Amino acid sequence: MTRGISFNRGDIRVYFCRMPHLLFCKDKRGRGSAGKRKNVSEITVICCFEKQAVSDCGGRAVSVRGGALLYGRNADALYYFTYVEGNQALFSTYSLFIIIPSIIGAACFPMVFRLTNNKGRSASLFALLTGISMFCMYFFTVGKSPVPFYLFSCLAQFFFSGFNTAIYAIVPDCVEYGEWKTGLRNDGFQYAFISLGNKIGMAIGTSVLAGVLGSFGYVANQQQNPAVLAVIKHSFTTVPGVLWIITAAVLFFYRLNKKAYNKIVREIQERKENEKNE
């Protein structure tokens, strides 16, 4: 099985995870999969986490980029319908339209995974189609062309839900990979960093949107100037669309496929049985 370093998702949380390693870890050697579990210090545990989650399984979970993109766009949605479309009530209609596609999209992930045998590739496909759908929304408005606007809105939410399911399904793979690679199992630590990344992304996405709108002259509850309207529209359609396409390109290089994962699980079980017999 290939154990080469995989292509990593460039997000703030990754660099945050690397900080303990850069500051405290002196032993930079990799750990073989056949090695026995040893008593280690807390710093070594952090270093092992860094090795497994950053170097070997970079596309493992919802990132700060994802949090910023999701919450930033959600914050922009109300501005979009209020000022670009000119009717705040349309936000409720939009929200109703995307509920069912969300449920169906999440349910479709297992079928896509059976076709790709790779959760990262599945997430990549969903991310690509999400980006394309959001980008297409730029060319339509509710007032002039409601059918294509809501169609692409539903498609974007459908593919996003599939992506979200796929990306969270990657996390258990990383837990198993980390135990196989380092001999340490740290489920809670990884899930805690996912939660932290989402919170950081939420703060960044909403604050950046507010800062950009303010810099272009946004004034609440008034008719906005053309520059502000352009920022609002692009923030709801083309900007997240391009970022989703970039995300798809990165996740395409995720290497832990179904065959490799099953082999990892078998080796972990064999190692545990050997430890019991010793």
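Which pattern does the protein chain follow when read along the sequence? The answer is α-α-α-α-α-α-α-α-α-α-α.

**Before you start**

This is a predicted model: local features need pLDDT of at least 70, side-chain atom pairs count only at pLDDT 80 or more, and totals for chains, interfaces and linings use all residues. Residues are numbered from 1 along each chain as its sequence is written, and side-chain values use heavy atoms, with hydrogens and water left out.

**Stop 1: the whole chain**

Show the protein chain as a cartoon. Its secondary structure comes to 11 helices and 0 strands. Helices (H or I, at least four residues) and strands (E, at least two) are DSSP runs, numbered from the N terminus. Now colour by burial. Of the 278 residues, 46% are buried. Buried means under 20% relative accessible area, exposed over 50%, and partly exposed in between (1.4 Å probe, protein chains only). Next, consider contacts, meaning heavy atoms within 4.5 Å. Among contacts between residues at least 6 apart in sequence, 81% join residues at least 24 apart.

**Stop 2: the largest nonpolar core**

Select F163 and W244. In the largest nonpolar core, of 29 residues, these two touch the most other members. A nonpolar core is a set of buried Ala, Val, Leu, Ile, Met, Phe, Trp, Tyr and Cys residues joined through side-chain atoms within 4.5 Å. Now select α5 (99–116), α6 (119–137), α7 (146–182), α10 (238–251) and α11 (258–277). Each supplies at least two residues of this core. Which helix gives the largest share? It is α7, with 12 residues. Another core, of 18 residues, lies apart from this one. Pick out F149, Y150, V228 and F236, which are among its members.

**Stop 3: α7 against α8**

Keep α7 and add α8 (residues 187–215). Two packed helices are described by the angle between their axes and the distance between the axes. Here the axes come within 9 Å and cross at roughly 145 degrees. Axes are lines fitted to C-alpha atoms, for helices over the stretch in contact, and angles run from 0 to 180 degrees between N-to-C directions. The crossing of α7 and α8 is right-handed. A crossing is left-handed if the near helix is turned anticlockwise from the far one by less than a right angle, and right-handed if clockwise.

Show the side chains. From α7, the contact uses Y168, V171, P172, C174 and V175. From α8, the partners are D187, Q190, Y191, I194 and N198. By class, this contact has 7 nonpolar, 2 polar and 1 charged residues. Ala, Val, Leu, Ile, Met, Phe, Trp, Tyr, Cys and Pro count as nonpolar, Asp, Glu, Lys and Arg as charged, and the others, Gly among them, as polar.

**Stop 4: two cysteines**

Select C174 again, then C108. C174 counts as buried because its relative accessibility is 2%. C108 is buried too, at 16%. How many disulfides are there? The count is 0, with a disulfide taken as a pair of cysteine sulfur atoms within 2.5 Å.

**Stop 5: N117 and N221**

Go to N117, in the loop between α5 and α6. At 34% relative accessibility, N117 is partly exposed. Leaving aside residues up to four places away in sequence, N117 touches N257 and K258. Now add K259, in helix α11. The C-alpha atoms of N117 and K259 are separated by 7.9 Å, although the two are 142 residues apart along the chain. K259 is exposed, at 71%.

Check the backbone here. Most residues other than glycine have a negative phi. N117 has a positive phi of about 55 degrees. Finish at N221, in the loop between α8 and α9 (226–236). Phi of N221 is positive, near 60 degrees. N221 is exposed, at 74% relative accessibility.
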